[in-house]
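Trainee: I've got a model open and I'd like to learn how to read it feature by feature. Can you walk me through it?

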Amino acid sequence: MNKPIIEVLDRNCRLPPPVWLMRQAGRYLPEYRAVRERAGDFLKLCLTPKLAAEVTLQPVRRFGLDAAILFADILLVPYALGQEVWFVEGEGPRLDPITDAGRLEQLKRRIDHSRLRPVYEAIAEVKDRLSSSVALLGFCGAPWTVATYMVAGMGSADQSSARLFAYRDPQTFAALIDLLVSSSVEYLTGQFEAGVDAVQIFDTWAGVLPPQELERWCLEPTGRIIAGVRAKAPGAKIIGFPRGIGTGIARYATDLPLDAVGLDWTADLDFVREQVQRRRPVQGNLDPLALVAGGAALDNAIANILDKLSQGPFIFNLGHGILPQTPIAHVEQMLKRIRG
């Protein structure tokens, strides 16, 4: 059977548009919370193939979504490079920070695929259990976004640690980015070999960079990842999601040979339709808080997105990850509205 999302990535228009949601497997689902409690530790959940496969499939099973996205975490790449990574309940990730060239030298020069084998096994298990009409998506974090966590040792509001590192020691920071580029190429290639249909590159913190730094630390490294993956997996389908870059999204779509561009919820959809969708399929961009609100606000937000983007190649999604407090009934309302 045809996979609607892959048809859109091939630049075809589908009505109604296919739908998946960033972070669609997560705390808003009671079945996820039950598996998470059984796993005990978030990293253990990511690296236990049967459990990761189960939570990957849960939202597809419940909602009939058009894609399953592998349950994993962008910090598995630094984990596979030998950086210590752990998760604090209620607070998020923690890493042993990369503060200088000496700390960078302590990392492996290539990712350790043995540490990532559970991810590849989870992909194979999901593929075996997934309907032939549903796409399986893999992903990685973009080098800039992953580097912000590696340098700060945690998430932060403004990514000041990584930005200062890049300004004060651009040579060492460039070496970190280069390592993440080569590692991401290997990781995504491994995902394609395991059975994913397409991948998404998440650049969650692209929006904190000024234009010149955006080119250096976001666009250029992402372009190298795309070229590297396609050299190993010709025709690989790749979606890019550069959150918060405003009108820079047009340059992102022009400069990078992506199969689709993900939009955050602040994107001007008239601008996107004229400057981005004419070049690439687009994906997005419902505000996750509109999904929490529900009711008329949700219906109106969905109607606006469909009105602006559904006449071209388009995948419906959120403008960022689904929030834990999202009512399941609102997801059902959204899908009913999209599908008529």
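Trainee: Let me start with two rings: are Phe139 and Phe202 buried or exposed?

Mentor: Both Phe139 and Phe202 are buried. Buried means under 20% relative accessible area, exposed over 50%, and partly exposed in between, with a 1.4 Å probe and protein chains only. Before we go on: this is a predicted model, where local features need pLDDT of at least 70 and side-chain atom pairs count only at pLDDT 80 or more, while totals for chains, interfaces and linings use all residues. Residues are numbered from 1 along each chain as its sequence is written, and side-chain values use heavy atoms, with hydrogens and water left out.

Trainee: How many aromatic pairs are there in the whole structure?

Mentor: Rings of Phe, Tyr and Trp (its six-membered ring) pair if their centres lie within 6.5 Å; planes under 30 degrees apart are stacked, over 60 edge-to-face, and the rest tilted. The search finds 11 such pairs. Phe139 and Phe202 make an edge-to-face one, at 5.6 Å centre to centre and 85° between the planes. Phe139 belongs to strand 4 (residues 135-141) and Phe202 to strand 5 (residues 198-203), so this pair ties together parts that are 63 residues apart in sequence. Phe165 and Phe173 give a tilted pair, with 5.8 Å between centres and 50° between planes. Phe165 is buried at 11% relative accessible area, and Phe173 is buried at 0%.

Trainee: Which residues form one aromatic cluster?

Mentor: Tyr32, Phe42, Phe71 and Phe87 do.

Trainee: And which ring does the charged end of Arg243 sit over?

Mentor: The rule is that NZ of Lys or CZ of Arg lies within 6 Å of the ring centre and within 35 degrees of the ring normal. Arg243 sits over Trp205, 4.9 Å from the ring centre. Arg115 likewise lies over the face of Tyr79, at 4.2 Å from the ring centre.

Trainee: Now the strands. What is the order of the open sheet?

Mentor: Strands of a sheet pair through backbone hydrogen bonds, either parallel or antiparallel. Helices (H or I, at least four residues) and strands (E, at least two) are DSSP runs numbered from the N terminus, and two strands pair if DSSP finds at least two bridges between them. Here 7 strands make an open sheet in the order 1-4-5-6-7-8-9, with parallel pairing. Strand 1 (67-69) and strand 9 (314-318) stand at the edges with a single partner each, so one side of each has no neighbour in the sheet. Inside the sheet, strand 6 (residues 237-242) and strand 7 (residues 260-262) pair in the parallel sense over 2 bridges, and Gly240 stands opposite Val261 in strand 7.

Trainee: Which way do strand 2 and strand 3 run?

Mentor: Strand 2 runs antiparallel to strand 3 (residues 92-95), joined by 4 bridges. Phe87 stands opposite Pro93 in strand 3. Side chains alternate along strand 2 (residues 85-88): Val85 and Phe87 point to one face and are buried, whereas Trp86 and Val88 point to the other and are not. The hairpin has 3 residues between the strands, and Gly90 takes a positive phi near 80° there.

Trainee: Last one: where does Asp66 lie?

Mentor: Asp66 is in the loop between helix 4 (49-63) and strand 1. Asp66 is buried, at 14% relative accessible area. Polar contacts are N or O pairs within 3.5 Å; within protein, one atom must be able to donate a hydrogen and the other to accept it, and residues adjacent in sequence count only if both atoms are side-chain atoms. The Asp66 side chain reaches the backbone nitrogen of Val19 at 2.8 Å.
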